Amino acid sequence: MRVAGSLAPGVFLCACSGPQSALDPAGREASEVATLFWGMLAGAALIWLAVIGAAVFAGRVQKEPIGDRAGLRLILWAGAVIPTLVLAALLAYGLRLMPVLRAGEASLRVHVSGEQYWWRVTYERADGTRIESANELRLPAGRPAEIVLDSADVIHSFWIPALAGKLDMIPGRTNRLVLHPERIGTYRGVCAEFCGRSHAYMAFPVVVLPPQEFEAWLAREAAPAEVPATSTTDTGAFLANGCGGCHAVRGTAASGTIGPDLTHLASRLTLGAGMFANTSENRRRFVAEAETLKPGVRMPSFGALAPAELDAIAAYLGSLR
Amino acid sequence: MLLRRETPNLWTLLTPPAVWALHFLFCYVAAAIVCARYPASLDGLRLAIGLATMAALAIIAIAGRQAHRHWGFGSDLPPHDAPTPEDQQHFLGFATLLLCALSAVAVLFGALPALIIAECR
């Protein structure tokens with residue numbers, strides 16, 4: 001019991017920080033939400049103390065019943081007037097946040113489309129050129145970015161707790177969210193609306209970079225894949241087994257658009273939409289056992305391939321920097 | 001006319017929440033139409049919602065004054081549960097007065113977003 005008692009505060013506190021916490025904000029909207037949360041928590045604690053204090057007063061101190069008029073007055077003030085004023089203040093404060101959060105012209109626009117169970121990410125530069133990517137979001141710190149959200153199949157929800165509140169991705173509808181990342185770091189975004197069997201495996205890393213580094217990264221991301229021409233990393237096994245039917249690797253014959261763009265796969269932090277660390281062993285496993293690792297995924301398992309071919313595909317994917 | 005009755009009934013009781021419901025519908029329908037067809041400027045919508053809010057509050061205030069009279073100006077405390085015409089009148093008057101307060105707050109809360117929101121997004 002004593003152990004549980006000493007552990008409990010730790011359990012609560014460790015949930016307050018980390019890459020996926022609304023209480024450890026790294027963006028403007030998340031900061032506002034966290035402030036609102038702490039303010040409401042303090043207010044709720046005060047109200048709780050007042051109610052418990054009144055109960056103790058009524059039970060222990062004031063043993064005589066109070067008069068009818070005094071009772072009615074208590075109900076009027078404590079039961080109607082004060083709650084109405086508190087709610088009005090909260091409503092006005094909450095509404096005041098909204099125009100601030102939504103307004104402002106963004107210099108960068110990123111289209112994110114939810115698909116079962118991954119994220120199609122397209123960066124749009126000011127001149128209108130589009131850069132295809134997937135399953136990872138990189139943003140410049142200190143600059144607003146407009147995220148244009150939609151869905152290809154079912155309702156998903158786009159949520160990066162450390163940066164902002166969540167917004168649904170609805171088929172046939174375009175939703176807009178403006179993010180103001182302020183702190184450099186790596187965070188985690190998730191799908192926040194149940195979308196199928198692998199809903200819990202639909203996440204993505206969010207990397208907030210200094211603006212110059214972001215521009216350099218975007219320039220690299222826009223370029224076709226640079227594959228060193230060695231015998232172990234040729235496109236042969238990748239193309240021969242039809243991977244290019246669904247996946248695109250710019251600069252090669254692979255131009256499928258059904259699955260995630262793999263042009264710079266090896267430079268991403270995770271694999272399978274935030275499921276695994278992006279290691280050579282995990283890349284091989286994912287190709288061989290996609291259907292087992294990620295139930296309901298549209299990619300078939302290629303476990304029937306010869307081990308040498310799997311190795312060749314994994315090595316090729318690992319070379320896509 | 002509902003707002004000039006000597007005695008309360010269910011219709012006078014329902015007037016304030018009915019005004020609240022109509023005001024709520026007006027605000028949402030007007031905002032939906034303006035945002036769908038003329039999203040460039042919200043000034044006209046704001047003015048319309050402001051006028052509707054004032055009209056709704058005025059009707060609720062008149063209904064509240066009448067309910068206060070029906071209640072006997074608070075001469076007698078609730079619960080007003082004796083089986084007499086006088087208690088029935090006081091009960092309906094008091095219930096209407098409480099509904100007036102609720103409806104007035106709800107009308108104000110419903111109109112608040114129109115004051116503050118800057119654009120249709």
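Begin by selecting helix α7 of chain A in this predicted model, where the buried residues are covered by parts of the chain that include α5 and α6 (280-293) of chain A. Colour A:Leu310, A:Ile313, A:Ala314, A:Tyr316 and A:Leu317, which are the buried residues of α7(A). They cover an arc of only 160° around the axis, and this places them on the same side of the helix. Turn the view to the face that points away from this buried side, and the exposed residues A:Pro307 and A:Ala308 are found there. If you check the ends of the helix, the C-alpha atoms are 16 Å apart, in agreement with the 16 Å that its 12 residues should span at 1.5 Å a residue.

Stay with α7(A) and look at its side chains. Across the structure, over all chains, there are 10 aromatic pairs. One of them is formed by A:Phe238 and A:Tyr316, whose rings are tilted, with 5.0 Å from centre to centre and 50° between the planes. This pair links distant parts of the chain, since A:Phe238 belongs to helix α5 (residues 236-240) and A:Tyr316 to helix α7 (residues 307-318), 78 residues apart. Both A:Phe238 and A:Tyr316 are buried.

Next, select A:Asp311, also in helix α7, together with A:Arg284 in helix α6, which lies 27 residues away in the chain. These two form a salt bridge, with 2.5 Å between the closest N and O atoms. A:Arg284 is partly exposed at 28% relative accessibility, and A:Asp311 is partly exposed at 40%.

Move on to the loop between α5 and β11 (270-271) of chain A, which holds both A:Asp261 and A:Arg250, so that their pairing ties together parts 11 residues apart in sequence. Their side chains meet in a salt bridge of 3.4 Å, N to O. Here A:Asp261 is buried, with a relative accessible area of 9%, whereas A:Arg250 counts as partly exposed at 23%.

Elsewhere in chain A, select A:Trp119, A:Phe158 and A:Phe204, which ring pairs link into a cluster. Then show A:Trp159, and A:Lys166 will be found over the face of its ring, at 4.4 Å from the ring centre.

Finish in chain B, by selecting B:Asp43 and B:Arg46, which both lie in helix α2 and are 3 residues apart, about one turn of the helix. Their side chains meet in a salt bridge of 3.6 Å, N to O. B:Asp43 is exposed, with a relative accessible area of 52%, while B:Arg46 is partly exposed at 28%.

Terms used. Residues numbered from 1 in each chain as written. Chains lettered and ligands numbered in written order. Predicted model: local features only at pLDDT ≥ 70, side-chain atom pairs only at ≥ 80, totals over all residues. Heavy atoms only, no water. Phe/Tyr/Trp six-rings, centres within 6.5 Å; stacked < 30°, edge-to-face > 60°. Helix = DSSP H or I, 4+ residues; strand = E, 2+ residues; numbered from the N terminus. Buried < 20%, exposed > 50% of the residue type's maximum accessible area, 1.4 Å probe, protein only. Lys NZ or Arg CZ within 6 Å of the ring centre and 35° of its normal. Expected span 1.5 Å × (residues − 1). Arc of directions from axis to C-beta. Contact = heavy atoms within 4.5 Å. Salt bridge = Lys/Arg side-chain N within 4 Å of Asp/Glu carboxyl O.
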